[in-house]
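Hello,

Here is the structure I promised to pass on to you. Have a look at it first, and then read my notes below.

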Amino acid sequence: MIEIAPLRPTVAEIDLSALEFNVGQLQKKIGPHASIMAIVKANAYGHGDVLISQRLEKLKVPFLAVAYLEEGIRLRGHDIKTPIVILTGGQDPKTFSELYQYRLTPVFYHLDFLIAYNEFCKKKNKKGEVHLKFDTGMNRLGFTLESSYKLFKLIHKFKNIKWEGMMTHFANAERPSHYNQEQILLFRKLKKLCPLKFKYTHMANSGAILNNFGVNENLVRPGIALYGAYPALTLKEKLELRPVMTLKSQVIQLKKVKRGAYISYGYTYHFKKDSIVATIPVGYADGFLRYFSNKGEVLIRGKRAPVVGVVCMDVFMVDVGHIPGVCLGDEVVLIGKQKKDQLRVEALAERAQTVPWEIFCHISSRVPRVSK
Ligand SMILES: Cc1ncc(COP(=O)(O)O)c(C=O)c1O
């Protein structure tokens, strides 16, 4: 395979010291009784799974978690040794041999598959570590209260299972509400009903950690907060976090445009006065959403420049008529800080009527992740 060093001026700069700071902040917030399972699924929320996992391993974060087996196998392929939990796609009997080969820990939410895994481990003459997921209100994945009764009746029969974790997931952790309390109460009830003790119990994602609920368990599962973003900007005061990613590029063309001129596909924008336009080599194929057409903004020379016209596959244009001295090669910040201003991912998400998770996940493999 040919390894290509980044040649284009567009990069996602990954500040690993900010990651380290955020891990420290989260650990301080939860206290010494609990450990962190770092969520590094979806390419570590677009930040580069290997880069991020290597640093988390160096920091001795005890668990990593991904959604699907392939993500875990990829990390093992890059010599990551930390235990990796497969949150969603690890319980299919067709893939048990991969779990075994790559030392990945499944999360089960189907009794039949758990029975099959016990049999598989018996044949391998080992005790397989598992986490069990319980549905306490999200109605997504997990044993319901009814299916838990059946599970708990049988649980002593699984001689080849090591009960590592019992977990649930909040449906609305960003906002403290009675729904969260109901989920906590149901989880407590399930813990009481369960005839065995799990080594770890865990519920809290970033929103719950910041809002300080579900944090009495001995494991927490932060994702977005690790990367220095808040589930909602209203949570900013709860804990200082440092953004890990700066998405930046450069001006590759500058041109004068006349009042009345149109720009980009479809003529969706026309200039009300003479101006100057800068072209930026980032498009929707890189994850700069087409939604930002005529809506987004970037930083150039510390000033905000609005997107004009529709975002194309590989480039978009901004109006820089109000920014003195813009030159070819000037740095353009799409997410992050420049001089005194900052474009936060949470604000971009709000503007695009989405969430910060999605903005990060859209940043495509065409954008090199470069550690700072
Ligand atoms: C099961 C589970 N736990 C934890 C997380 C981390 O959530 P957050 O990024 O909100 O911290 C996720 C993310 O989707 C998840 O699916």
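**Strand pairing around β10**

Strand β10 pairs with strand β18 (residues 331-338) in the antiparallel sense, over four bridges. Within that pairing, S249 has V332 of β18 as its bridge partner. Strand β1 (residues 11-14) also runs antiparallel to β10, and four bridges join the two. There, V11 stands opposite K248 of β10. Strand β10 itself covers residues 245-250, and five of its six residues are buried. Please keep in mind throughout that this is a predicted model.

**Overall layout**

Stepping back to the whole protein, you will find 11 helices and 20 strands. The C-alpha atoms fill a box of roughly 80 × 50 × 35 Å along the principal axes. Of the 372 residues, 42% are buried. If you take the contacts between residues at least 6 apart in sequence, 64% of them join residues at least 24 apart.

The domain assignment gives domain 1 (16-236) and domain 2 (245-343). Their C-alpha centres lie 41 Å apart.

**The core**

Which residues have the most contacts inside the largest nonpolar core? They are A38, L64, A65, A278, V298, V318 and L334, in a core of 100 residues. Both domains supply this core, with at least three residues coming from each of domain 1 and domain 2. As a general background, nonpolar side chains tend to be buried together in soluble globular proteins.

A65 is a good place to start looking. Leaving out residues up to four places away in sequence, A65 touches M37, I39, V40, K41, I84, V85, L87 and R221.

**Around the ligand**

Three of those names, I39, L87 and R221, come up again in the surroundings of the ligand. The other residues around the ligand are H169, N205, S206, G207, P222, G223, I224, A225 and P231. By class, this shell has six nonpolar residues, five polar residues and one charged residue.

A204 is worth a look as well. You will find A204 in the loop between β8 (200-202) and α9 (206-211). It counts as buried because it has 26 C-beta neighbours inside 10 Å, where 20 or more are needed. Apart from its neighbours within four places in sequence, A204 is in contact with I209, G214, V215, V220 and R221. R221 is thus a contact of A204 and also part of the shell around the ligand. For a sense of scale, the C-alpha atoms of A204 and K295 are separated by 34 Å, and the two residues are 91 apart along the chain.

**Two positive phi values**

Finally, here are two loop residues to inspect for backbone geometry. S264 has phi near 65°, a positive value in a residue other than glycine. This serine sits in the loop between β12 (262-263) and β13 (269-270). Q353, also not a glycine, has a positive phi near 55°, and its place is in the loop between α10 (345-351) and α11 (356-362).

Is each of the two buried or exposed? S264 counts as buried because it has 20 C-beta neighbours inside 10 Å, and 20 is where the buried class begins. Q353 is exposed, since 8 other C-beta atoms lie within 10 Å of its own and the exposed class takes in 12 or fewer.

Best wishes

Definitions and conventions
Residues numbered from 1 in each chain as written. Predicted model: local features only at pLDDT ≥ 70, side-chain atom pairs only at ≥ 80, totals over all residues. Core = buried A, V, L, I, M, F, W, Y, C linked by C-beta atoms within 7 Å. Domains from an automatic or database assignment. Contact = placed C-beta atoms within 7 Å. Near = placed C-beta within 6 Å. Nonpolar A, V, L, I, M, F, W, Y, C, P; charged D, E, K, R; others polar. Pairing = 2+ DSSP bridges.
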